[in-house]
Amino acid sequence: MASVLYPRETIITIERHILEEQKFHPEATGVLTSLLYDIALVGKYIANKTTRASFADILGTTKDINVQGEQVMKLDELADHTIYKLNEHTGRIAVMASEEQADIIQIPDKYPTGKYVLLYDPLDGSSNIDVNAPIGTIFSIHRRKSESGPGTLSDCLQPGHNMVVGGYIIYGSSTMMVYTSGKGTHGFTLDPYLGEFLLTHPNIKIPEKPKYYSVNQGYQKYWSEGIKRFTNYLQGLEGDNKPLSSRYIGSLVADFHRNLLSGGIFYYPPDTKDPKLPTGKLRLLYEAAPLSFVCEQAGGYASNGKQRILDIVPESLHQRVPLYIGNRELVEKAEEYIRKFG
Ligand code: P6P
C-alpha cells in the first residue's frame with residue numbers, strides 16, 4: 001500500500017538503486033557504486049548549505065575570478081572544495097577536473113589513485129544564487145585510459161560516448177539527483193528529514209510532445225540567420241506547428257531539467273556577441289556532455305548544431321560548444337535550419 005508521502009509501492013534509496021544498477025556492469029567492483037554514493041553525499045551537503053546560505057553569510061562573491069573569467073561566488077568555492085575533499089582520498093579517482101580550476105586536479109601523493117575520472121561543474125548557474133533561483137552541480141565519470149599512477153589530461157579529454165555515468169543535482173524547490181549509467185535516466189528527490197535521495201522519477205522519458213523552448217532571446221541580434229528562423233519556427237511564425245511556450249531562467253541545470261520532464265528544447269547558440277566565445281558559452285566536458293548522456297538515455301538528443309555532442313572529441317579541458325538539447329525532433333530541426341541558412 002503506497003503511503004501518502006511516497007505514492008510508490010516501495011521506497012528505493014539512491015544507494016539501493018545504484019547497487020541494483022551495478023548488476024548491469026559485470027566488471028563493476030563496487031568502486032563506481034561508492035563513487036556515486038560520494039556524489040549523492042556532495043548533493044546533500046551542498047543542498048544543506050544552499051538552503052541556509054542567507055544565514056551563513058556565504059551568499060555574495062569572493063574577490064576571485066575563475067579560469068572562465070567569471071566572478072567566483074562564495075557558494076561556488078564551497079561546492080568546488082566539497083567535491084574535491086570528498087573524493088581526493090578515496091582511492092577511487094585517478095584525476096579530477098573542475099569548471100573552477102584551470103588545470104586538471106591531481107590526487108595528492110599520500111593517497112592512492114583509482115580507475116575513474118571525475119569531471120564536474122560544482123555549482124552551475126551561480127549568478128542565480130543571490131536571487132534564490134535553482135542552481136545545480138553537473139558531473140561526468142569516465143574510466144581512466146592511462147594504466148596507473150597519477151591521472152593525465154588525456155584521461156579527461158574523452159568523448160562523451162565513453163562516459164560511464166553522467167548526471168546532475170538540482171538545488172531548487174526540492175533537491176533532486178538525476179543520473180544515468182547507460183541503463184536509462186533516473187531521478188531521486190532528497191527527503192531532508194531522512195537525509196536520503198529516494199527514487200521518485202524512475203526511467204525518465206522526455207515527453208513526445210514538446211512544451212517549451214529555452215534560449216536567451218536577449219542575444220537575438222547576434223544570432224545567425226538559421227537560428228533566427230529556427231526560433232521563428234518554434235514560435236509558430238514559420239511552418240504550420242503550434243507555438244511553444246518560452247521559458248528561460250539562465251541556469252542550465254534548471255532549464256534543462258524543465259525540458260527533460262516537460263518536453264522541449266534548450267539551446268545556447270554560438271556566442272557571436274562575444275568574440276572571446278565564438279563557439280558558445282557552455283563547456284563540453286562537464287556541462288554539455290553529461291547532460292547529453294542523460295538526455296539521450298531519456299529518449300532525447302543533443303547536438304552542437306552540426307554533430308552529436310557525445311561524439312565530439314575534446315581538445316581542451318574548458319572547451320566550449322554551442323548546445324541544442326531536448327526532444328530529438330526539435331534538435332534535428334535546429335540542425336536542418338543551420339544546414340539551410342547557416
Ligand atoms: P546567459 C550560468 O552562468 C550559465 O553558465 C548556465 O547555467 C546558463 O545556461 C548560462 O550561463 C546562461 O547564460 O548568457 O543566458 O546569461
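1. The shell around the ligand first. By class, this shell holds five nonpolar, four polar and three charged residues. The model is a predicted one.

2. Who are these neighbours? The charged members are Asp124, Lys281 and Arg283. The polar ones are Gly125, Asn216, Gly250 and Ser251. Tyr219, Tyr248, Leu252, Phe266 and Tyr268 make up the nonpolar group. Tyrosine counts as nonpolar here because the classes put Tyr with residues such as Phe and Leu.

3. Next, the polar contacts of the ligand. Aspartate 124 has a side-chain N or O atom 2.5 Å from an oxygen atom of the ligand. Asparagine 216 also uses its side chain: one of its N or O atoms is 2.9 Å from a ligand oxygen. Leucine 252 takes part through its backbone, with a polar atom 2.8 Å from an oxygen of the ligand. On its own, the ligand would expose 400 Å². The protein buries 86% of that area.

4. Where does the ligand sit? It occupies the largest pocket. The volume of this pocket is about 550 Å³. Its lining counts 32 residues, and the closest to the pocket centre are Glu70, Gly125, Ser127, Lys281 and Arg283. Gly125, Lys281 and Arg283 are also among the residues around the ligand.

5. Which elements build the pocket wall? At least two lining residues come from each of strand 2 (71–73), strand 5 (116–124), helix 6 (252–262) and strand 13 (264–268). By class, the pocket lining has twelve charged, ten polar and ten nonpolar residues.

6. Now the enclosed spaces. The whole structure contains four cavities of 30 Å³ or more. The largest cavity holds about 80 Å³ of space. Of the 13 residues that line this cavity, Tyr219, Trp223, Tyr268, Pro269 and Pro270 are the closest to its centre. Tyr219 and Tyr268 also belong to the residues around the ligand. The cavity lining divides into nine nonpolar, two polar and two charged residues.

7. The second largest cavity has about 70 Å³ of space. It is lined by Ile18, Glu21, Gln22, His25, Ala28, Leu32, Thr33, Leu36, Tyr179 and Ser181. Helix 1 (14–22) and helix 2 (31–51) are the elements that give two or more residues to this lining. From helix 1 come Ile18, Glu21 and Gln22. From helix 2 come Leu32, Thr33 and Leu36. By class, five lining residues are nonpolar, four are polar and one is charged. The charged one is Glu21.

Key
Residues numbered from 1 in each chain as written. Heavy atoms only, no water. Near = heavy atom within 4 Å. Polar contact = N/O pair within 3.5 Å; in protein donor to acceptor, adjacent residues only side chain to side chain. Areas by Shrake-Rupley, 256 points an atom, 1.4 Å probe, with all protein chains shown as cover. 1 Å grid on protein atoms, 1.4 Å probe; cavity = no way out; pocket = protein on both sides within 12 Å on 5 of 7 lines; lining within 4 Å. Sits in = over half its atoms within 2 Å of the grid points. Points joined across faces, edges and corners; volume = space filled by probe spheres on them. Helix = DSSP H or I, 4+ residues; strand = E, 2+ residues; numbered from the N terminus.
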